[in-house]
Amino acid sequence: MSFASIIDKVVEAPVVTSFTNVGYVVRSRLDGWTDLDSYDLSGRRIAITGPTSGLGLAATRQLAKLGATLVLVARNESKAQDLRDDLVAAHGNDAVSVVRCDMANFQDVRAAAKQIAGEQEQLDVLIHNAGSLLNERRTTPDGMELTTAVQVVGPFLMTGLLLENLAAGSRVLTMSSGGMYTAGLTISRLQMDEASYKGAEQYARVDRAQVTLNEMWAERTAGSGIRFHALHPGWADTPGVEESLPTFRKIVGPFLRSPAQGADTLVWLAADDGPPLQSNGRFWLDRRIRPVHKLGSTRRTDTRARRRELWDWVAEAAGWDLV
Ligand SMILES: NC(=O)c1ccc[n+]([C@@H]2O[C@H](COP(=O)([O-])OP(=O)(O)OC[C@H]3O[C@@H](n4cnc5c(N)ncnc54)[C@H](OP(=O)(O)O)[C@@H]3O)[C@@H](O)[C@H]2O)c1
């Protein structure tokens, strides 16, 4: 084991150092990260959800700077148009378009996928980043718990509908969270009910489902050359954290990562043609593959049968019957 790997393990062990800016700074130096500014992404076609705030905004700014062709998939169209204007002014990159889509609305997701496919016959990177931790339980008009719709079912449907537009070397990236380490895989209790609802726990269950589906997409498309990666950003100071976790934000305060630090691995997975193309279905933090379980209690829930049940449930909920 290299010196960098040993130090990395020490930093990884306690969550507080691993997830904060301490983990980011130590690892970026130990592993001698390639500067993101050195990538040239001219001609790389990237669609990203949730580009209008926090991590998605930081990633979008960096990808635009590197010359990528961008599709901003956003629920707030005027916010996204303003962002587009900003990107053109800041980087002279006018290869940026806007597609309106609320990820909790599956009609929107279908229309958005169609629009993206119409604009980009081939997509090099599809980034599922939109999401939030909701302290109060909310549902879609059809009664689906909102986090589940936005972060599990909507992205699953969008991936499925855009599969034909992905090719060998294309990547599908899913922003999950380290919170998933605390949650087992559940389908029957994926959507918490009103009486038991706790935002952080709901979020962790959803994140676990996202990471599991990432692995399953990789298995089910093996041989296609498409790469699926899930990741977590550590803890970053974003408008989402400010709104959902104000006390946590106050406590961790100066140790929170900046949005750009939190988005680093996302941009790197989209930009680098080395490690991101050499593995599939894995879970990343700070440009390294991480385990998907740290607790025996969650590992025990992660059975083949339950995975199949998750896939079948999501496909049905999404109304996607091509698998
Ligand atoms: N920040 C962290 O420390 C952290 C840690 C772990 C995981 N994450 C994950 O990272 C991702 C980004 O989080 P963030 O902290 O950057 O939050 P944020 O600042 O609240 O940004 C969330 C983005 O998602 C969009 N969005 C939310 N619901 C949507 C919906 N129904 N349809 C379409 N777009 C929607 C928002 O659009 P609007 O601009 O219109 O609101 C915004 O662009 C999330 O998936 C979050 O779970 C963040």
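How far apart do the C-alpha centres of domain 1 and domain 2 lie? Keep that in mind as you load up the model, which is a predicted one.

**Stop 1: the two domains**

Colour residues 1–32 for domain 1 and residues 39–318 for domain 2. Their C-alpha centres lie 24 Å apart. Now look at where they touch: domain 1 brings 10 residues to the contact and domain 2 brings 11. On the domain 1 side, select helix H2 (15–19) and helix H3 (21–30), since each supplies at least two of the touching residues. H3 gives the most, with five residues. What kinds of residues make up this side of domain 1? Four are nonpolar, three are polar and three are charged.

**Stop 2: strand E1**

Next, select residues 45–49, which form strand E1. Five of its five residues are buried, so the strand is largely enclosed by the rest of the structure. Switch on the side chains. In a regular strand, side chains alternate between the two faces of the sheet. Here, Arg45, Ala47 and Thr49 point one way from E1, while Ile46 and Ile48 point the other way.

Which strands pair with E1? One is strand E2 (residues 69–74), parallel to E1 and joined to it over five bridges. To see a matched pair, click Ile46 and find Leu70 opposite in E2. Follow the chain from E1 through H4 to E2 and you trace a right-handed β-α-β crossover. The other partner is strand E4 (residues 125–128), also parallel to E1, with three bridges. Ile46 turns up again here: its bridge partner in E4 is Val125.

**Stop 3: Gly56 in helix H4**

Stay with helix H4 and pick out Gly56. Is Gly56 buried or exposed? It counts as buried because it has 27 C-beta neighbours inside 10 Å, and the cut-off for buried is 20 or more. Leaving aside residues up to four places away in sequence, Gly56 touches Ile48, Gly50, Pro51 and Asn129. Try a distance to Leu266 as well: Gly56 and Leu266 are 210 residues apart in sequence, yet 9.1 Å apart in space, C-alpha to C-alpha.

**Stop 4: around the ligand**

Now show the ligand and the 29 residues that surround it. The closest are Gly50, Gly54, Gly131, Thr238 and Gly240. Helix H4 (54–65) is back in view, because H4 and helix H9 (239–244) each supply at least two residues of this shell. Colour the shell by type and you get 11 nonpolar, 15 polar and three charged residues.

**Stop 5: strand E6 and its neighbours**

Move on to residues 227–231, strand E6, where five of the five residues are buried. Arg227, His229 and Leu231 point one way from E6, and Phe228 and Ala230 point the other. Strands E5 and E6 run parallel, paired over five bridges. Across that pairing, Met175 has Leu231 in E6 as its bridge partner. Add helix H8 to your selection, and E5, H8 and E6 make a right-handed β-α-β unit. Strand E7 (residues 282–285) is parallel to E6 too, joined by three bridges. Look for Ala230 with Phe283 of E7 opposite.

**Last stop: Glu194**

Finish in the loop between strand E5 (171–175) and helix H8 (199–220), where you'll find Glu194. Why does Glu194 count as exposed? It has 9 C-beta neighbours inside 10 Å, and 12 or fewer makes a residue exposed. Add Arg137 to the view: Glu194 and Arg137 are 57 residues apart in sequence and 6.7 Å apart in space, C-alpha to C-alpha.

Definitions and conventions: Residues are numbered from 1 along each chain as its sequence is written. This is a predicted model: local features need pLDDT of at least 70, side-chain atom pairs count only at pLDDT 80 or more; totals for chains, interfaces and linings use all residues. A residue is near a molecule or strand if its C-beta atom, placed from the backbone, lies within 6 Å of it. Helices (H or I, at least four residues) and strands (E, at least two) are DSSP runs, numbered from the N terminus. Ala, Val, Leu, Ile, Met, Phe, Trp, Tyr, Cys and Pro count as nonpolar, Asp, Glu, Lys and Arg as charged, and the others, Gly among them, as polar. Domain bounds come from an automatic or database domain assignment. Two residues are in contact if their C-beta atoms, placed from the backbone, lie within 7 Å. Two strands pair if DSSP finds at least two bridges between them. A crossover is right-handed if, with the strands pointing away from the viewer, the path from the first strand over the helix to the second runs clockwise.
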